[in-house]
Protein chains: 2
Amino acid sequence: MRFVAGKDDLLNGIRIVERATVVKGLQPVLANVLIETIGTNQIKLTATDFDFSITTMIDANVEEEGRFTLPAKKLGDIISRLQEDLVKLELNDSIATITCKKSKFDFIGISASEFPKVEENISEEDSIEIETKPFTKAIRHVVSAAAGYETNNLLSGVVCEVNKNILEMAATDGNRLARVREVVKNNSADSEKVFEMLISSKVLSELSKISLLSESENIKISKEAKKIVITIDKTKIITKLMQGQFPKYNQLIPQSFPKEAKINKSALVSALERVAIMISEKNSIVKFEFGDDMLKLSGDSPEAGNSQDVIDIKYTGEPITIAFNYKFVLEFLKIVESEDIMVQLNTPLSATVLAPVSDEDYIYLVMPVQLRG
Amino acid sequence: MRFVAGKDDLLNGIRIVERATVVKGLQPVLANVLIETIGTNQIKLTATDFDFSITTMIDANVEEEGRFTLPAKKLGDIISRLQEDLVKLELNDSIATITCKKSKFDFIGISASEFPKVEENISEEDSIEIETKPFTKAIRHVVSAAAGYETNNLLSGVVCEVNKNILEMAATDGNRLARVREVVKNNSADSEKVFEMLISSKVLSELSKISLLSESENIKISKEAKKIVITIDKTKIITKLMQGQFPKYNQLIPQSFPKEAKINKSALVSALERVAIMISEKNSIVKFEFGDDMLKLSGDSPEAGNSQDVIDIKYTGEPITIAFNYKFVLEFLKIVESEDIMVQLNTPLSATVLAPVSDEDYIYLVMPVQLRG
């Protein structure tokens, strides 16, 4: 194998695929990126952690075909520190020699034959093509509400539906639920068809980061019975379609609320962060007392003491005292763009809805915590 | 105890003294700051880790005298998040209530009687008063060459001498030696007297950070047989004078060199950082080959491979191959301000001098590493 490629192209490609590497796994080859020549003017980079894989293509001048794997982290470190110029990579007896101007590296890798096979071909029968920006924006709005992906259960997934020009995404871990709707340009061949999928929240997070490294305005998603392939520009993300019945979350969202507060977001963030100083890491509970155009927040911990703060709000309804894990509330406040937010309440034990006071179609449902004593 | 003070004054005071707290020690009270009213319009903050102590004074309106201790970290967190306004602190039965606008904290502390006694009085017989800026600049130039302070040996100290208007500081850990000389305004009562001290490098590092929080142009240092008190503005740092005979470092610096290189600093930093990617954490050895107006750097590790880079330099003398722990060289390069540096060499096993090509009176001596094979 021997080729010459631009430093920035190579670096960008490595930064994209390295998100799928496994750094401290049992198989050292999974920490590596597979480098393959494709024809005479492209190379392909691949990384995989078995659960998901990323491939990307880079323009190159291929002088001799071949395949080899090199540690992704170290390769990225090397390329990033090279001077701006063409980079030459040449393979001799399991050692890749990288040269750029007067810098030279002899780099020990692992044979490509040890790298797992990544199958990126998929029938394009069930696929959509939509705008990238609203898609990644929707990801940022819901992804943190999903359960941790270590659990590998259904709730670590994100539900995604495209119906004509409406994209809906939702995620829930049982304690909170985030749902967002975005208007998208639907460039699919059959834009009337409803497209649905349940996909790992981790893969979506990586996708939203990768999209920042790509200039493509559109994203294409294809699915088969068990597989999803997402294409942005020259990059493909391959993952499995999660199987099973996701909760019918739209039924969980209450339709009417006897109590409603309108609150300035920044004031609430500051007050919550102040009150939280006195709260122990373990419980994270802040008490919210709504009433008379005032919201009183309070927290306490046996070892440190207690804290309270009062902010002015607009409030309609009977006074209510309710408690939340403040981290869930802060998470919503840090995602939402609107300067003012709505809190819609029923009883101290019922699901409470947080939403922006703006055109955004975004809601965040939080289950309260029962107060003892 | 009851007083009112400005938020920023309080916060600044806590940020200064908390550098002497012990966060996870055996004595919980050492994580606390001692707060004492002094007369009717000042409060005093104190923290100590026994090895060194810091006190500072803050303007306040004292309504009731008293003494109490509160956890420094949490107190700083609370004060920093308060709105800009006056802060009131009131003590009732071992609970300090802090209020500011509509925020209120009941904060559990530890009785002042458990706090160690910090003696800051000192005879001012042997003292100097000099400019702060050149003093802290000198600290930054030498402090990293001292041995780790865990060792608690003489080499963890910094030697400091003021002779009329020349300040000299030096530190060495046996592998490298840094010496700097600065011209200072000497405002001492007896500016003819030579002042010398050996002081912990850790205390000097903290001092240089504290000086950034103070506006004082001058610094006063007083010493007794076993104690040093450094005063900047309303802050005092109290530490012990280190005892013993520091190496006669000026005798260690070679006076003549048959070989000399002039090198662009940025080019050397980039090349060293590139070559270092291939070096294992354990040895940190980079080989330097000087000759013919070129410097070739190379490194290798059995597991990853090897690296080399070549930069253009000005060189006079016979070619020489010498190896260094590259981290020591990088450390010098990141401290020195000059755009070009000098490397003065004797043999592959003798001390090598790094120095700026500028008016700065700063030298950094590095011992080479013996190359095997």
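Where in chain A does D293(A) lie? The notes below come back to that residue after a walk through the contact between the two chains; please keep in mind that this is a predicted model.

1. **Extent of the contact.** Chain A and chain B each bring residues to the contact: 27 from chain A and 27 from chain B. Between them the chains bury about 2600 Å², and 53% of that area is on carbon and sulfur atoms. On the chain A side, the residues that lose the most area to chain B are K102(A), R274(A) and I277(A); together these three make up 25% of what that side buries.

2. **Polar links.** There are 20 residue pairs in polar contact between chain A and chain B, with both residues at pLDDT 80 or more. The count of salt bridges between the two chains is 4. One that you may like to look up joins the side chains of D312(A) and K102(B), with an N to O distance of 3.4 Å.

3. **Where the chain A side comes from.** Four elements of chain A give two or more residues to the side that touches chain B: α2 (72–81), β9 (103–108), α5 (265–276) and β21 (305–312). Of the residues on this side, β21(A) supplies the largest share, with 7. By residue type, the chain A side divides into 10 nonpolar, 6 polar and 11 charged residues.

4. **A strand pairing across the chains.** It is worth displaying β21(A) together with β9 of chain B (residues 103–108), as 4 bridges join these strands. The two run antiparallel. For a reference point in the pairing, find S307(A), which stands opposite F105(B) in β9(B).

5. **Positive phi at K101(A).** Most residues other than glycine have a negative phi. K101(A) is not a glycine, yet its phi is positive, about 50 degrees. K101(A) sits in the loop between β8 (95–100) and β9 of chain A. With a relative accessibility of 53%, K101(A) counts as exposed, because the exposed class begins over 50%.

6. **Positive phi at D293(A).** Now for the opening question: D293(A) lies in the loop between β19 (285–291) and β20 (294–301) of chain A. D293(A) is another residue that is not a glycine but has a positive phi, here about 55 degrees. Is D293(A) buried or partly exposed? Its relative accessible area is 35%, so D293(A) is partly exposed.

Technical notes:
Residues are numbered from 1 along each chain as its sequence is written. Chains are lettered from A and ligands numbered from 1 in the order in which they are written. This is a predicted model: local features need pLDDT of at least 70, side-chain atom pairs count only at pLDDT 80 or more; totals for chains, interfaces and linings use all residues. Side-chain values use heavy atoms; hydrogens and water are left out. Contact means heavy atoms within 4.5 Å. Buried area is the accessible area (1.4 Å probe) that two parts lose on being put together, summed over both. A polar contact is a pair of N or O atoms within 3.5 Å; within protein, one must be able to donate a hydrogen and the other to accept it, and residues adjacent in sequence count only if both atoms are side-chain atoms. Ala, Val, Leu, Ile, Met, Phe, Trp, Tyr, Cys and Pro count as nonpolar, Asp, Glu, Lys and Arg as charged, and the others, Gly among them, as polar. Two strands pair if DSSP finds at least two bridges between them. Buried means under 20% relative accessible area, exposed over 50%, partly exposed in between (1.4 Å probe, protein chains only).
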